[in-house]
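Work through these exercises with the structure open beside you. Try each task before you read its solution.

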Amino acid sequence: SIIKKFFGIFPNTYTSAEGWSEFAWMIINPDTSNTISKIYYTSANGEVVTPTQTNAFGANIVSNVYEDGQGVITFDREVTIIGDLAFNGCNTITSITIPETVIRIGNAAFHGCEFTEITIPNGVTYIGNSAFRYCTSLLTVTIPNSVTNIGWYAFAKCTSLISATIPDSITIVGWYAFSECSELTYISYHGTKAQWKAIPKMDGWKNNTGDFTVYCIDETISK
C-alpha cells in the first residue's frame with residue numbers, strides 16, 4: 001500500500017497509532033517556522049526602535065536595522081500577534097506597518113506611539129485594552145471587518161483623532177474606548193442605525209470626545 005511504501009522510507013518512524021496521528025497533523029498543519037515576517041517603521045530621529053517587549057510576537061527577532069529612512073524588524077517565523085506592551089512607550093515611532101498575518105493586537109501594544117495613522121490588517125479579530133491609548137498624533141483609524149471587539153481604553157486619549165471607521169462586525173465597544181478623543185467628529189459605521197444602536201457600548205466609551213456624528217449606511221446619528 002501507499003502507507004507501507006511511505007513507512008518503508010522511514011522504517012522506524014510513525015509506526016504506532018499515535019505516530020500516525022502526529023504525521024497526519026503535520027501534513028494538515030505544515031510547519032511555518034521557516035516563514036519570516038517583517039515589521040516596517042519610521043522613527044522621528046531616524047534611529048532603530050527596539051520593541052519594549054521583544055518576546056511579545058510569538059517569534060524571535062532576527063534583526064532590527066534602520067536604513068534608507070526606514071526601520072525593518074525581521075522575525076524568524078510568521079508573526080500572528082502583536083502582544084501586550086510590545087511597543088508600549090515607543091514614542092519616536094512615526095509610522096508602522098503591521099504584518100498581514102497578525103490576528104491579535106494585545107493590551108497596550110502601541111500605547112504612547114506617535115504615528116499619525118495606522119492600518120490594521122484585515123484578519124485582526126481583537127484590539128486589546130489600551131492598545132492605542134495616548135497615541136496623541138493619531139489622526140484617523142480604520143478598523144477592518146474582521147474585528148469583533150474593541151477593548152477598554154483602546155483609543156482613549158488619542159487627542160488628535162478626527163475620524164474612525166468601524167465595521168458592522170463589532171459586537172462590543174469597551175469601557176472608555178474613545179474617551180478623551182477631543183477632536184473626534186466623524187465616525188463611519190458600515191452598518192445600519194439599528195445595528196449601531198444594538199452594539200453594547202460600555203460606560204464612558206465617548207466621554208469628553210468631540211461632537212461627532214455617526215454615519216451609518218442608512219442614517220446619521222449625532223453624539
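**Exercise 1. A bridge in a hairpin**

Which residue in β3 is the bridge partner of Tyr66?

Solution. This model is predicted, so read each step as a statement about a model.

Step 1. Find the two strands. β2 and strand β3 (residues 70-75) pair in the antiparallel sense. Their pairing runs over 6 bridges.

Step 2. Go to Tyr66 and look across to β3. The bridge partner is Gly71.

Step 3. Take another pair from these strands. Ser63 stands opposite Thr74 in β3.

Step 4. Look at the turn. The hairpin of β2 and β3 has 2 residues between the strands. Asp68 takes a positive phi there, near 55°.

**Exercise 2. The antiparallel sheet**

Find the sheet in which the strands run in the order β2-β3-β1-β5. Why does one side of β2 and of β5 lack a neighbour in the sheet?

Solution.

Step 1. Describe the sheet. It is open, has 4 strands and is antiparallel in its pairing.

Step 2. Find the edges. They are β2 (61-67) and β5 (93-97).

Step 3. Count partners. Each edge strand has a single partner strand, so one of its sides is left without a neighbour in the sheet.

Step 4. Add the twist. From one strand to the next it averages 20°.

**Exercise 3. The mixed sheet**

Which are the edge strands of the sheet that includes β13 and β14?

Solution.

Step 1. Write down the order: β7-β9-β11-β13-β14-β15. These 6 strands form an open sheet, and the pairing is mixed.

Step 2. Read off the edges. They are β7 (117-119) and β15 (220-222), and each pairs on one side only.

Step 3. Add the twist. Here the average is 15° from one strand to the next.

Step 4. Look inside the sheet. Strand β13 (residues 186-189) pairs with strand β14 (residues 213-215) in the parallel sense, over 3 bridges. Tyr186 stands opposite Thr213 in β14.

**Exercise 4. Cysteines without a bond**

How many disulfides does a search of the whole structure find?

Solution.

Step 1. Recall the term. A disulfide is a covalent bond between the sulfur atoms of two cysteines.

Step 2. State the result. The search finds 0 disulfides.

Step 3. Check Cys90. The closest cysteine sulfur is in Cys113, at 5.6 Å, which is too far for a bond.

Step 4. Check Cys113. The closest cysteine sulfur to its own is in Cys135, at 5.4 Å, again too far for a bond.

Step 5. Ask about burial. The cut-off for buried is under 20% relative accessible area. Cys90 has 7%, so Cys90 is buried. Cys113 has 0%, so Cys113 is buried as well.

**Exercise 5. Ser130 and its contacts**

Is Ser130 buried or exposed? Which residues is Ser130 in contact with, leaving aside its neighbours within four places in sequence?

Solution.

Step 1. Locate Ser130. Its place is in the loop between β8 (126-127) and β9 (140-142).

Step 2. Use the area. The relative accessible area is 13%, so Ser130 is buried.

Step 3. List the contacts. Ser130 touches Ala108, His111, Trp152, Tyr153 and Ala154.

Step 4. Follow up on Ala108. This residue lies in the loop between β6 (104-105) and β7. Its phi is near 55°, a positive value in a residue other than glycine. With a relative accessible area of 10%, Ala108 is buried.

Step 5. Follow up on Tyr153. This residue lies in the loop between β10 (149-150) and β11 (163-166). Its phi is near 55°, also a positive value in a residue other than glycine. Tyr153 is partly exposed, at 26% relative accessible area.

**Exercise 6. The whole protein**

What is the average pLDDT of the protein, and where is the pLDDT below 50?

Solution.

Step 1. Start with the average. It is 88, and 85% of the residues score at least 70.

Step 2. Find the weak stretch. Over residues 1-33 the pLDDT is below 50. Beyond near neighbours in sequence, this stretch has 14 contacts in the model.

Step 3. Draw the lesson. Where pLDDT is low, the predicted coordinates should not be read in detail.

Step 4. Complete the overview. The protein has 3 helices and 15 strands. Of its 223 residues, 42% are buried. The protein exposes about 11300 Å², and carbon and sulfur atoms supply 51% of it.

Key. Residues numbered from 1 in each chain as written. Predicted model: local features only at pLDDT ≥ 70, side-chain atom pairs only at ≥ 80, totals over all residues. Heavy atoms only, no water. Pairing = 2+ DSSP bridges. Axes fitted to C-alpha atoms, helices over the stretch in contact; angles between N-to-C directions. Buried < 20%, exposed > 50% of the residue type's maximum accessible area, 1.4 Å probe, protein only. Contact = heavy atoms within 4.5 Å. pLDDT = per-residue confidence, 0-100. Areas by Shrake-Rupley, 256 points an atom, 1.4 Å probe, with all protein chains shown as cover. Disulfide = S-S within 2.5 Å.
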